[in-house]
Amino acid sequence: MEYTPPPKPQLSSRANAFSIAALMSSGRSKDKESPESTIKPLEQFVEKSSCAQPLSDLSSLDPHGDFSSSPSSLCTEPLIPTTPIIPSEEMAKISCSLETKELWDKFHELGTEMIITKSGRRMFPTIRVSFSGVDPEAKYIVLMDIVPVDNKRYRYAYHRSSWLVAGKADPPLPARLYVHPDSPFTGEQLLKQMVSFEKVKLTNNELDQHGHIILNSMHKYQPRVHIIKKKDHTASLLNLKSEEFRTFIFPETVFTAVTAYQNQLITKLKIDSNPFAKGFRDSSRLTDIER
């Protein structure tokens, strides 16, 4: 009787995506992809670089670099160029204001902390901005990214109620851009409405497939808001180097990524300020003073 080998087990779609064969084939096919085919929905656009360049050293980046660097290089050029550029006269007119600045200031005085989880956690306070000086007839793409403040890792000293440097930063994680899902906006829309990044989620899962921003715990980060004037011929975001854009940084939004709050005053301020934290305010776990 002829022996028939049993059929090979079928991998699930998730398992198949991480199989050795799939990884090898994906490596060969990357070079053949056209720029248009590499663009996913804007709200989940993932930057093609892993960069832990601290803010203080950003000026040392090569503004003419590309993504074809050797695999051994630690940091490739971010999608949003970090070398300061002189904006055009039109873009120089644009200004950006941080909404709920008073709330951000309260957190900043204490040392803002943001929770990161495997599944992703939304930021509070939320980054909300308003623009002025835009062309009402033009179209704009609004993005946000979060970059390291420095190349250090921190720890919280409870006896001193302060953050101390604990050593060198952990290896860099994949850098990502979050494009606001309502992009592109018309200039008229931006003049009338506030742009809120309440859907941004922070994670420490390096294999995240949901477009969340990946951060290292116990590291300090600076959110950045970018506005890009969209040209009619712009089919993708891969050619940002040729686009007109402005970057806005609000120092009061600097935060330390944590998996659990370290400063009890931050915990209390989050509960008192967050309208979605009513369950915590009513919790029996809190003391009368905390309530």
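**Reading strands, core and backbone**

Author: Start with serine 161, which sits in the loop between strand E6 (152–157) and strand E7 (162–168). The model is predicted.

Reader: What is the phi of serine 161?

Author: Most residues other than glycine have a negative phi, and most peptide bonds are trans. Serine 161 is not a glycine, yet its phi is positive, at about 50 degrees. Methionine 218 also has a positive phi, near 65 degrees, and is not glycine either.

Reader: Where does methionine 218 lie, and is methionine 218 buried or exposed?

Author: Methionine 218 is in the loop between strand E12 (213–214) and E13. Methionine 218 counts as buried because its relative accessibility is 14%, and the cut-off for buried is under 20%.

Reader: Which peptide bonds are cis?

Author: One is the bond from phenylalanine 124 to proline 125, with omega near 0 degrees. Proline 125 is placed in the loop between strand E3 (121–122) and E4. Another cis bond joins serine 183 and proline 184, where omega is about 0 degrees. Proline 184 belongs to the loop between E8 and E9.

Reader: Now the strands. How many residues of strand E5 are buried?

Author: Strand E5 covers residues 139–148, and 9 of its 10 residues are buried.

Reader: Which strand pairs with E5 over 10 bridges?

Author: That is strand E13 (residues 220–230), paired with E5 in the antiparallel sense. To find the register, look for residues that stand opposite each other: valine 142 faces isoleucine 227 in E13.

Reader: How many bridges join E5 to strand E8, and how many join E5 to strand E9?

Author: Strand E8 (residues 177–179) is joined to E5 by 3 bridges and runs antiparallel to E5. Here aspartate 145 has leucine 177 as its bridge partner. Strand E9 (residues 185–186) is joined to E5 by 2 bridges, also antiparallel. Lysine 139 stands opposite threonine 186 in E9.

Reader: Which residues touch the most other members of the largest nonpolar core?

Author: In soluble globular proteins, nonpolar side chains tend to be buried together. In this model the largest nonpolar core has 33 residues, and Met123, Phe131 and Leu202 touch the most other members. Strand E1 (95–98), strand E4 (128–132), E5, E13 and strand E15 (255–258) each supply at least two residues of this core. E5 gives the largest share, 4 residues.

Reader: Which residues does methionine 123 touch?

Author: Leaving out residues up to four places away in sequence, methionine 123 touches Trp104, Met114, Met144, Ile146, Val200, Leu202, Pro223 and Phe255.

Conventions
Residues numbered from 1 in each chain as written. Predicted model: local features only at pLDDT ≥ 70, side-chain atom pairs only at ≥ 80, totals over all residues. Heavy atoms only, no water. Buried < 20%, exposed > 50% of the residue type's maximum accessible area, 1.4 Å probe, protein only. Pairing = 2+ DSSP bridges. Core = buried A, V, L, I, M, F, W, Y, C linked by side-chain atoms within 4.5 Å. Contact = heavy atoms within 4.5 Å.
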